Amino acid sequence: MENCIFCKIAAKQIPSKAIYEDDDLIAFHDINPAAPIHFLIVPKQHIATLADCTEAHAALLGKMALLAPRLAQEQGCGYQLDEQGQASGGYKTVFNVGPDGGQEVYHLHMHVIGGPKPWRGQR
């Protein structure tokens, strides 16, 4: 998609603060963060929305879901249990779908938002 900002980021035509990249995905910091830690996991393949995904995309979606906790840990908001079983840390994952779902860029992407109570932040 020639005018898609995420396609351009994946193609290195627009710079980003990348934190991960492989053949299928790129992850980078959000330019308008809603919390202390806010990054996006984006497939390099252009898929407009989560609603456009099919069974053929199951492995890609699974890869995105499994990458989120690893990157959250690396970025400082991983979920963990201490020796007494007390939980700390954490993050939320969000797919915005369509105009009523708050989607601004029509290229599938997962937000990973963490830090102290990110759901009480701006978004």
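Helices here are DSSP runs of H or I with at least four residues, strands are E runs of at least two, and both are numbered from the N terminus. With that in hand, colour your predicted model by secondary structure and follow the chain: the order is α-β-β-β-α-β-β-β-β, which gives two helices and seven strands.

**Zoom out first**

Keep the whole chain on screen for a moment. The C-alpha trace spans about 50 × 30 × 30 Å along its principal axes. The radius of gyration is 15 Å, and a compact globule of 123 residues would come in near 14 Å, so the two agree. Switch on a surface and you are looking at about 7300 Å² of exposed area, with 52% of it supplied by carbon and sulfur atoms. Buried residues account for 37% of the 123. As for how the chain meets itself, take the contacts between residues at least 6 apart in sequence: 51% of them join residues at least 24 apart. If you like colouring by charge, there are 10 positive and 13 negative ones, and their mean positions sit 7 Å apart.

**Stop 1: His107**

Select His107, in the loop between strand 6 (91-94) and strand 7. Is this residue buried or exposed? Its relative accessibility is 0%, so His107 counts as buried. Now show the side chain and look for its polar partners. One polar atom of the His107 side chain lies 2.7 Å from the backbone oxygen of Pro43, and the side chain also reaches the backbone oxygen of Gln45 at 3.5 Å. Widen the selection to whatever touches His107, skipping neighbours within four places in sequence. You'll pick up Cys4, Phe6 and Cys7, plus a run of Val42, Pro43, Lys44, Gln45, His46, Ile47 and Ala48.

**Stop 2: Asp22**

Lys44 is a handy stepping stone, since it is in contact with His107 and is also touched by Asp22. Select Asp22 next, in the loop between strand 1 (18-21) and strand 2 (25-29). Why does Asp22 count as buried? Because its relative accessibility is 16%, and the cut-off for buried is under 20%. Inside its own loop, the Asp22 side chain reaches the backbone nitrogen of Asp24 at 2.7 Å. Leaving out residues up to four places away in sequence, Asp22 touches Lys63 as well as Lys44.

**Stop 3: Lys12**

Go back towards the N terminus and pick Lys12, in the loop between helix 1 (5-10) and strand 1. Lys12 is exposed, at 52% relative accessibility. Check the backbone torsions here: what is phi of Lys12 near? The value is near 65°, which is positive in a residue other than glycine. Most residues other than glycine have a negative phi.

**Stop 4: Gln86**

Now jump to Gln86, in the loop between strand 4 (80-81) and strand 5 (87-88). Gln86 is exposed, with a relative accessible area of 52%. Which residues does Gln86 touch, once those up to four places away in sequence are set aside? They are Gln80 and Leu81, so select that pair with the strand they belong to: strand 4 covers 80-81.

**Stop 5: Pro116**

Finish at Pro116, in the segment after strand 7 (110-114). Pro116 is exposed, with 69% relative accessible area. Draw a C-alpha to C-alpha distance from Pro116 to Ala35: the two are 81 residues apart in sequence and 8.1 Å apart in space.

Note on methods: Residues numbered from 1 in each chain as written. Predicted model: local features only at pLDDT ≥ 70, side-chain atom pairs only at ≥ 80, totals over all residues. Heavy atoms only, no water. Rg over C-alpha atoms; globule rule 2.2 N^0.38 Å. Buried < 20%, exposed > 50% of the residue type's maximum accessible area, 1.4 Å probe, protein only. Contact = heavy atoms within 4.5 Å. Areas by Shrake-Rupley, 256 points an atom, 1.4 Å probe, with all protein chains shown as cover. Lys, Arg positive; Asp, Glu negative; His and termini not counted. Charge placed at Lys NZ, Arg CZ, Asp CG, Glu CD. Polar contact = N/O pair within 3.5 Å; in protein donor to acceptor, adjacent residues only side chain to side chain.
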